[in-house]
Amino acid sequence: MKAQQDYVVGVSYELEVEGKIADKARPEAPLEYIHGTGMLLPKFEAAVEGKEPGESFDFVLSPEDGYGEYNPKYKFDIPKSSFAVDGQIREDLLEVGRLIPMLNSAGQVVQGTIAAIGEDSVTMDFNHPMAGKTLHFTGKVETVRAATEKELTEGLHGEFLPQEECGCGCHHGDGECSCHDGDCGCHGEHHHDGECGCGHCH
């Protein structure tokens, strides 16, 4: 059975970035996704297309084919008061390097990284952590099966279902941002071991 449109494909892999392993999925706990539904980077899916269980892959993606070039316009300051819940600033959230889910002006959840913390503001970076980087993937196709109707409708992890609002409501450019108390997952991106790995999400 080959990796093809609307089939659930499980892959083990390692992602090497700048000489270091940035992300990986072990053979005993492979990354599973529905092929051809846009869950992974297009060039990643193209490299796996047609492969059967046991077949390996080894390819390199330029920033253009991965997560794009780094854009300094996606980095800006947000008032620290925006990180308040019930009038209290969530100091526990404010840690340099921490990823925080936020809502953009279109109501979509985006991951922002805290780049710096000032006295009255927080510098957020909304570039993808892998923006501007060359990605080297090596791995193997572990499993291939036809997706069920439910999986095609709802996704493997419910990622095709409507998502509840969570994280911080942030409208880029107008400086308005408010935190909502609650946990927030990847929303529309693949969940793996409870997290959204940097190597396989949009």
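**Close-up views of a predicted model**

**View 1. Glu 142 and its surroundings in strand E11.** Glu 142 is partly exposed, with a relative accessible area of 21%, a value that falls just outside the buried class because buried means under 20%. In this predicted model, Glu 142 belongs to strand E11, which covers residues 135-146. The side chain of Glu 142 is joined to that of Ser 12 by a polar contact of 2.6 Å. Although Glu 142 and Ser 12 are 130 residues apart in sequence, their C-alpha atoms are 6.6 Å apart in space. When neighbours within four places in sequence are left aside, the residues in contact with Glu 142 are Gly 10, Val 11 and Ser 12, together with the three prolines Pro 27, Pro 30 and Pro 53.

**View 2. Strand E4 beside strand E11.** Strand E4 consists of residues 56-61, and this strand pairs with E11 in the antiparallel sense over six bridges. One of the residues to follow here is Ser 56, whose bridge partner in E11 is Lys 140. The two faces of E4 can be told apart by their cover: Phe 57, Phe 59 and Leu 61 make up the covered face, whereas Ser 56, Asp 58 and Val 60 make up the uncovered one. Phe 59, from the covered face, is buried, with a relative accessible area of 12%.

**View 3. Aromatic rings around Phe 44.** A pair of aromatic rings is described by two values, the distance of the centres and the angle of the planes. The count of aromatic pairs comes to eight. In one of these, the ring centres of Phe 44 and Phe 59 are 5.5 Å apart and the planes stand at 85 degrees, so the pair is edge-to-face, as planes over 60 degrees apart count as edge-to-face. Phe 44 lies in helix H1 (residues 42-48) and Phe 59 in strand E4, so this pair ties together parts that are 15 residues apart in sequence. Phe 44 counts as buried, at 1% relative accessibility. The rings of Phe 44 and Phe 137 also form an edge-to-face pair, because their planes are at 85 degrees, with their centres 4.9 Å apart. Here Phe 44 in helix H1 meets Phe 137 in strand E11, so the parts tied together are 93 residues apart in sequence. Phe 137 is buried as well, with a relative accessible area of 0%. These three phenylalanines belong to one aromatic cluster, formed by Tyr 13, Phe 44, Phe 57, Phe 59 and Phe 137.

**View 4. Glu 18 and its salt bridge with Lys 133.** Three salt bridges are found in a search of the whole structure, and one of them brings together the side chains of Glu 18 and Lys 133, at 3.2 Å from N to O. Glu 18 lies in the loop between strand E1 (7-17) and strand E2 (20-25), and Lys 133 in the loop between strand E10 (121-125) and E11, so the salt bridge ties together parts that are 115 residues apart in sequence. Glu 18 is exposed, with a relative accessible area of 65%, whereas Lys 133 is partly exposed, with a relative accessible area of 22%. The backbone of Glu 18 also deserves a look, for its phi is near 55 degrees, a positive value in a residue other than glycine.

**View 5. Two further salt bridges.** The side chains of Glu 28 and Arg 26 meet in a salt bridge of 3.2 Å, given from N to O. Of these two residues, Glu 28 is exposed, with a relative accessible area of 61%, and Arg 26 is partly exposed, with a relative accessible area of 43%. Another salt bridge joins Arg 145 to Glu 151, with the closest N and O atoms 2.8 Å apart. Arg 145 counts as partly exposed at 33% relative accessibility, while Glu 151, at 14%, counts as buried.

**View 6. Asp 6 in the segment before E1.** Asp 6 is placed in the segment that comes before strand E1. Although Asp 6 is not a glycine, this residue has a positive phi of about 65 degrees. Asp 6 is partly exposed, with a relative accessible area of 30%.

Key. Residues numbered from 1 in each chain as written. Predicted model: local features only at pLDDT ≥ 70, side-chain atom pairs only at ≥ 80, totals over all residues. Heavy atoms only, no water. Buried < 20%, exposed > 50% of the residue type's maximum accessible area, 1.4 Å probe, protein only. Helix = DSSP H or I, 4+ residues; strand = E, 2+ residues; numbered from the N terminus. Pairing = 2+ DSSP bridges. Phe/Tyr/Trp six-rings, centres within 6.5 Å; stacked < 30°, edge-to-face > 60°. Salt bridge = Lys/Arg side-chain N within 4 Å of Asp/Glu carboxyl O. Contact = heavy atoms within 4.5 Å. Polar contact = N/O pair within 3.5 Å; in protein donor to acceptor, adjacent residues only side chain to side chain.
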